[in-house]
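Biologist: I'm new to this one and would like a close look at a single part of it: the cysteines. Could you walk me through which of them pair up, which stay single, and what surrounds them?

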Amino acid sequence: MPGEGGAGAQGEGRVLQPQVPRAEIIVRAVVGKAVSRNPGLGAGIIRMAFHDCFVQGCDASVLLDPTPANPRPEKLGPPNFPSLRGFEVIDAAKAVLERICPRVVSCADVIAFAARDSAFFLSSSRIDYKMPAGRFDGSVSLESEALQFLPPPFSNLTQLVDSFKAKNMNEDDLVVLSGAHTIGVSHCSSFTDRLPPNPSDMNPGLTRLLQSKCPVSPNFTNDPTVAQDIVTPNRMDNMYYTNLLKRNVLFISDAACQKMP
């Protein structure tokens with residue numbers, strides 16, 4: 001988030017406990033309005049939270065724009081650009097908070113609240129949980145670290161387990177967080193390595209559907225998106241795991257989860 005009051009202010013914004021309930025109400029209202037217009041924004045915010053936390057920790061460093069001193073922040077790294085979305089929702093929530101309680105609620109907490117609230121609305125309020133506050137905004141944001149830590153869609157099982165282990169997370173965490181692929185879309189370029197003539201164990205029906213939607217060689221100007229969950233594309237549920245067992249998943253990294261012991 002550029003400008004004053006954004007994530008560039010080092011150490012800004014530990015939430016004072018009396019402000020937490022009001023801050024959460026404000027963020028939920030902004031997220032609810034955005035997701036009602038475009039459910040894809042909710043999926044984008046959930047992905048944003050993961051991409052933020054998996055690099056420098058949950059510090060909103062993924063929001064930082066390029067500057068002359070740092071022309072290549074996380075936001076512009078290949079795992080995030082141009083696919084990461086939902087920034088305008090975080091900006092909108094932060095703007096309201098700054099009017100009501102300036103320099104109190106960090107951008108990092110806004111992302112955390114917004115991801116939780118996106119799951120709430122996308123699941124028809126079935127998913128809801130308490131979210132601790134008190135994160136500080138970071139000032140370090142490097143494209144190289146996004147590439148280093150974020151697992152790409154072509155990761156095999158060993159690479160996935162190792163990347164989570166590096167963040168003190170285990171196989172259960174990997175399986176649970178992979179379930180977020182029950183919502184949102186993916187660019188064809190992220191999974192065409194699983195389409196003919198490449199070998200794959202993908203369900204033939206899904207293969208044919210994807211071939212009808214994706215060019216043989218996607219590029220920056222011709223890279224359509226498809227739903228990650230073809231059954232309930234706009235609902236956050238457990239369909240990902242059903243799809244996984246039926247080999248109806250997009251990425252090599254998804255298929256790898258099927259091989260979990």
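Modeller: What follows is a tour of the cysteines, with a few stops at other parts on the way.

Keep in mind that this is a predicted model. If you search the whole structure, you come up with two disulfides. Count the bonded cysteines in sequence order and the pairing reads 1-2, 3-4.

Let's start with C53 and C58. Their sulfur atoms sit 2.0 Å apart, and the two form a disulfide. The torsion about that S-S bond is about 120°, so this disulfide is right-handed. Are its two ends buried or exposed? Neither, really: C53 has 30% relative accessibility, which makes it partly exposed, and C58, at 33%, is also partly exposed.

There's something else to see around here. The UniProt record, an unreviewed entry, lists D52, V55, G57, D59, S61 and E74 under "binding site". Those residues span 23 positions in sequence, yet no two of their C-alpha atoms are more than 12.5 Å apart, so they gather at one spot. One of them, D52, has its place in helix α2, which runs over residues 39-53. With a relative accessibility of just 1%, D52 counts as buried.

Now for the other disulfide, C188 with C214. Here too the sulfur atoms are 2.0 Å apart, but the torsion about the S-S bond is -75°, and the link is left-handed. This pair ties together distant parts of the chain, 26 residues apart: C188 is in the loop between β1 (185-187) and α8 (204-213), while C214 is in the loop between α8 and β2 (225-227). Both cysteines are tucked away: C188 is buried at 0% relative accessible area, and C214 counts as buried at 9%.

So what about cysteines without a partner? C101 is in no disulfide; its nearest cysteine sulfur belongs to C107 and is 12 Å away. C101 is buried too, with a relative accessible area of 6%. Then there's C257, whose sulfur is 19 Å from the closest cysteine sulfur, that of C53, which is too far for a bond, since a disulfide needs the two sulfurs within 2.5 Å. C257 is buried as well, at 8% relative accessibility.

C107, mentioned a moment ago, brings us to helix α4, which covers residues 107-122. At 1.5 Å a residue, its 16 residues should span 22 Å, and the end C-alpha atoms are indeed 22 Å apart. The helix is mostly covered, with 15 of its 16 residues buried. After α4 comes S124, which has a positive phi, near 55°.

For contrast, here's a bit of surface. L209, I230 and V231 form a nonpolar patch there, with about 230 Å² of accessible area together. V231 lies in the loop between β2 and α9 (239-245) and is partly exposed, at 48% relative accessible area.

Finally, to put the parts in a wider frame: the unreviewed UniProt entry annotates residues 21-261 as "domain: Plant heme peroxidase family profile". That span is 45% helix and 2% strand, and the C-alpha atoms at its ends lie 41 Å apart.

Notes:
Residues numbered from 1 in each chain as written. Predicted model: local features only at pLDDT ≥ 70, side-chain atom pairs only at ≥ 80, totals over all residues. Heavy atoms only, no water. Buried < 20%, exposed > 50% of the residue type's maximum accessible area, 1.4 Å probe, protein only. Helix = DSSP H or I, 4+ residues; strand = E, 2+ residues; numbered from the N terminus. UniProt positions renumbered as here; feature names shortened; annotations may be inferred. Patch = residues over 30% accessible without salt bridge, like charges linked within 9 Å, V, L, I, M, F, W, Y side chains within 5 Å. Areas by Shrake-Rupley, 256 points an atom, 1.4 Å probe, with all protein chains shown as cover. Salt bridge = Lys/Arg side-chain N within 4 Å of Asp/Glu carboxyl O. Expected span 1.5 Å × (residues − 1).
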